[in-house]
Amino acid sequence: KDVEVNDRYLFENISNWKISMSAKSTLVTIKFQIQYLMTKQQEDVVNAHVAKVMPTLFTASATDADKVKAIHDYVVKTMQYSEQTVGSQYSTYTLVTENKGVCQAYALLMDKMLKQAGIETMYVKGAAGNASHAWNLVKLDGNWFHVDATWDDPVGNKAAEVSHKYFLKSDSEMAKTHTWTKEQYPVAKKSLTAVK
């Protein structure tokens, strides 16, 4: 439970787990088997990709809002929503090596990049469009906002187009199309509409 709460990036990269227990006299052995979406080497590739890209997205004088927008726009422009991938469609490794994946991969990459930029963020698990869905919450100037890079990605991955319809939105705005267990996340009271 601690990993689920404190490190959503790690938790969401678990693809399967199993617990077994055996007892012999007074000795009890508990065995945990965990499978991940990525290997350590693949995670190293993701980290190297993020380290290479981040310095190109904004200058040292950028505000936190500028950083969030630059990361959002990079993910939307560079990645393509697709379930047709060679690797796991859910992993950030597939997203950065194939430039394709699904909402989980988008939200996990956003999570990693936002944290690298020093932005407080949370991975949100819910539903949208009658399907399970994932996106992010970001904290700017003490206020939380929803950011959904997946739903802001135009169909066909048109590089010149970036939507901001689901960028820095309040709970009430997001609730028009998205659902989530609100008690598990901080409240996003307002939307920010000024997007340059």
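Strands, as the word is used here, are DSSP runs of E with at least two residues, numbered from the N terminus. With that settled, here are some notes on this predicted model, in the order I would look through it.

1. **Asn 136, a good place to start.** Asn 136 sits in strand β6, which covers residues 131-140. Is Asn 136 buried or exposed? Its relative accessibility is 1%, and because buried means under 20%, Asn 136 counts as buried. The side chain of Asn 136 also has a partner there: it reaches the backbone oxygen of Ala 107 at 3.0 Å.

2. **The surroundings of Asn 136.** Setting aside residues up to four places away in sequence, Asn 136 touches Ala 107, Met 110 and Asp 111, then Thr 121, Met 122, Tyr 123 and Val 124, and finally Phe 145, His 146 and Val 147. Please keep Asp 111 in mind from that list, as the next point turns to it.

3. **Asp 111 and Lys 115.** Which residue does Asp 111 meet in a salt bridge? The partner is Lys 115, with an N to O distance of 3.2 Å. Both belong to helix α6, and they are separated by about one helical turn because they lie 4 residues apart. The two ends of the pair sit in unlike settings: Asp 111 is buried at 2% relative accessibility, whereas Lys 115 is partly exposed at 41%.

4. **Gln 116, in the same helix.** Helix α6 runs over residues 103-116, and Gln 116 lies in it. Gln 116 is exposed, with a relative accessible area of 54%. Where does Gln 116 find contacts beyond its neighbours within four places in sequence? Those contacts are with Val 50 and Met 54. Gln 116 and Met 54 are 62 residues apart along the chain, yet their C-alpha atoms are separated by 8.2 Å.

5. **Asp 64 and Lys 67.** A search of the whole structure gives 7 salt bridges. One of them joins Asp 64 to Lys 67, where the closest N and O atoms are 3.9 Å apart. A salt bridge is counted within 4 Å, so I would look at this pair with that cut-off in mind. Helix α4 (residues 64-78) holds both residues, and their spacing of 3 residues amounts to about one helical turn. Here the lysine is the buried partner, with a relative accessible area of 15% for Lys 67, while Asp 64 is partly exposed at 36%.

6. **Glu 173 and Lys 176.** Another salt bridge brings together the side chains of Lys 176 and Glu 173, at 3.1 Å from N to O. How accessible is Lys 176? At 62% relative accessibility, Lys 176 counts as exposed. Glu 173, at 33%, counts as partly exposed.

7. **A nonpolar patch on the surface.** Ile 19, Met 21, Val 28, Ile 30 and Phe 32 together form a nonpolar surface patch with about 550 Å² of accessible area. The elements that supply two or more residues to this patch are β1 (14-24) and β2 (27-36). Which element gives the most? That is β2, with 3 residues. Val 28 is a handy residue to click on: it lies in strand β2, and at 48% relative accessibility Val 28 counts as partly exposed.

Technical notes. Residues numbered from 1 in each chain as written. Predicted model: local features only at pLDDT ≥ 70, side-chain atom pairs only at ≥ 80, totals over all residues. Heavy atoms only, no water. Patch = residues over 30% accessible without salt bridge, like charges linked within 9 Å, V, L, I, M, F, W, Y side chains within 5 Å. Areas by Shrake-Rupley, 256 points an atom, 1.4 Å probe, with all protein chains shown as cover. Buried < 20%, exposed > 50% of the residue type's maximum accessible area, 1.4 Å probe, protein only. Polar contact = N/O pair within 3.5 Å; in protein donor to acceptor, adjacent residues only side chain to side chain. Contact = heavy atoms within 4.5 Å.
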